[in-house]
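Here's a quick briefing to read with the model open beside you. Grab a coffee and follow along on the screen.

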Amino acid sequence: MRRILVGLMLAGIAMAALPLHAQQIGEVSTAFRFLGKNDRIVIEAYDDPKVTGVSCFVSRARTGGVSGTVGLAEDTADASIACRQVGDVLTFKGKLPKQEDVFSERQSILFKRLHIVRIVDPVRNTLVYLTYSDKLIDGSPKNGVTAVPVPRSNPIPIK
């Protein structure tokens with residue numbers, strides 16, 4: 001039992017040391033906590049690694065208190081997403097798969113992850129982004145979706 005706990009702690013530390021793909025750009029407090037951080041909604045920006053000029057903005061709940069401050073609390077599955085063209089021109093770094101998990105970040109110490117999936121709609125020449133969270137055993141149907149239209153003069157290269 002002790003080995004399992006040590007292994008889980010080391011895995012958590014290793015995962016926390018991985019570079020984050022998001023940049024937090026703001027937060028608002030939703031509930032006061034006497035100890036630790038308040039419960040809050042954070043807004044993070046994710047730049048699409050294969051499409052230069054597209055950024056996704058995700059808002060999601062973060063649990064505060066002592067357990068949230070040390071990273072042991074489990075955040076809810078609620079998330080909202082808005083992706084936009086932020087560059088003058090969209091450029092693609094190679095051919096894109098029809099569907100790809102572009103970002104994945106843990107939301108709890110062990111089993112919950114936030115995902116952002118890019119889906120290419122070739123008929124409309126549009127990039128569709130979906131955000132959701134999953135759990136090892138019990139996922140959530142809560143999700144958010146947004147789309148970035150690409151000019152017809154710049155066709156999306158698909159694998």
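What follows covers the salt bridges, the open sheet and a nonpolar surface patch.

Keep in mind that this is a predicted model. The structure holds five salt bridges, and four of its strands make up an open sheet. There is also a nonpolar patch on the surface, built from Phe 32, Phe 34 and Leu 35.

**Salt bridge inside the sheet**

- Arg 60 and Glu 44 meet through their side chains in a salt bridge, at 2.9 Å from N to O.
- This pair links distant parts of the chain, with Arg 60 sitting in strand β4 (residues 54-62) and Glu 44 in strand β2 (residues 39-47), 16 residues apart.
- Both partners are tucked away: Arg 60 is buried, and so is Glu 44.

**Salt bridge from strand to loop**

- Glu 100 pairs up with Lys 50 in another salt bridge, where the closest N and O atoms are 2.8 Å apart.
- Glu 100 belongs to strand β7 (residues 99-106) while Lys 50 is in the loop between β2 and β3 (51-52), so this salt bridge ties together parts that are 50 residues apart in sequence.
- Is Glu 100 buried or exposed? Glu 100 counts as buried because its relative accessibility is 19%, and the cut-off for buried is under 20%.
- Lys 50 comes out as partly exposed, because its relative accessible area is 24%.

**Salt bridge between Arg 124 and Asp 121, and a network**

- The side chains of Arg 124 and Asp 121 form a salt bridge too, with 2.9 Å between N and O.
- Arg 124 counts as exposed at 55% relative accessibility, whereas Asp 121 is buried, with a relative accessible area of 16%.
- Which residues are joined into one network by salt bridges that share partners? They are Asp 48, Lys 50, Glu 100 and Arg 118.

**The open sheet**

- Reading across the sheet, the strand order is β1-β2-β4-β5, and the pairing is antiparallel.
- β1 (22-31) and β5 (79-85) are the edge strands, each of them pairing on one side only.
- From one strand to the next, the twist averages 15°.

**Who faces whom in the strands**

- β1 and β2 are antiparallel partners, paired over eight bridges.
- Across that pairing, Gln 23 stands opposite Ala 45 in β2, and Glu 27 has Val 42 of β2 as its bridge partner.
- On the β4 side, β2 is joined to β4 by eight bridges, and these two strands run antiparallel.
- Val 42 turns up again here, standing opposite Arg 60 in β4.
- That is the Arg 60 whose side chain meets Glu 44 in a salt bridge.

**Nonpolar patch on the surface**

- Together, Phe 32, Phe 34 and Leu 35 have about 440 Å² of accessible area in their patch.
- Where is Phe 34 found? Look in the loop between β1 and β2.
- Phe 34 is exposed, because its relative accessible area is 77% and the cut-off for exposed is over 50%.

Methods: Residues are numbered from 1 along each chain as its sequence is written. This is a predicted model: local features need pLDDT of at least 70, side-chain atom pairs count only at pLDDT 80 or more; totals for chains, interfaces and linings use all residues. Side-chain values use heavy atoms; hydrogens and water are left out. A salt bridge is a side-chain nitrogen of Lys or Arg within 4 Å of a carboxyl oxygen of Asp or Glu. Buried means under 20% relative accessible area, exposed over 50%, partly exposed in between (1.4 Å probe, protein chains only). Two strands pair if DSSP finds at least two bridges between them. Axes are lines fitted to C-alpha atoms, for helices over the stretch in contact, and angles run from 0 to 180 degrees between N-to-C directions. Patches are made of residues with over 30% relative accessible area and no salt bridge: like charges are joined within 9 Å, nonpolar side chains (Val, Leu, Ile, Met, Phe, Trp, Tyr) within 5 Å. Accessible areas come from the Shrake-Rupley method with a 1.4 Å probe; for residues, only the protein chains shown count as cover.
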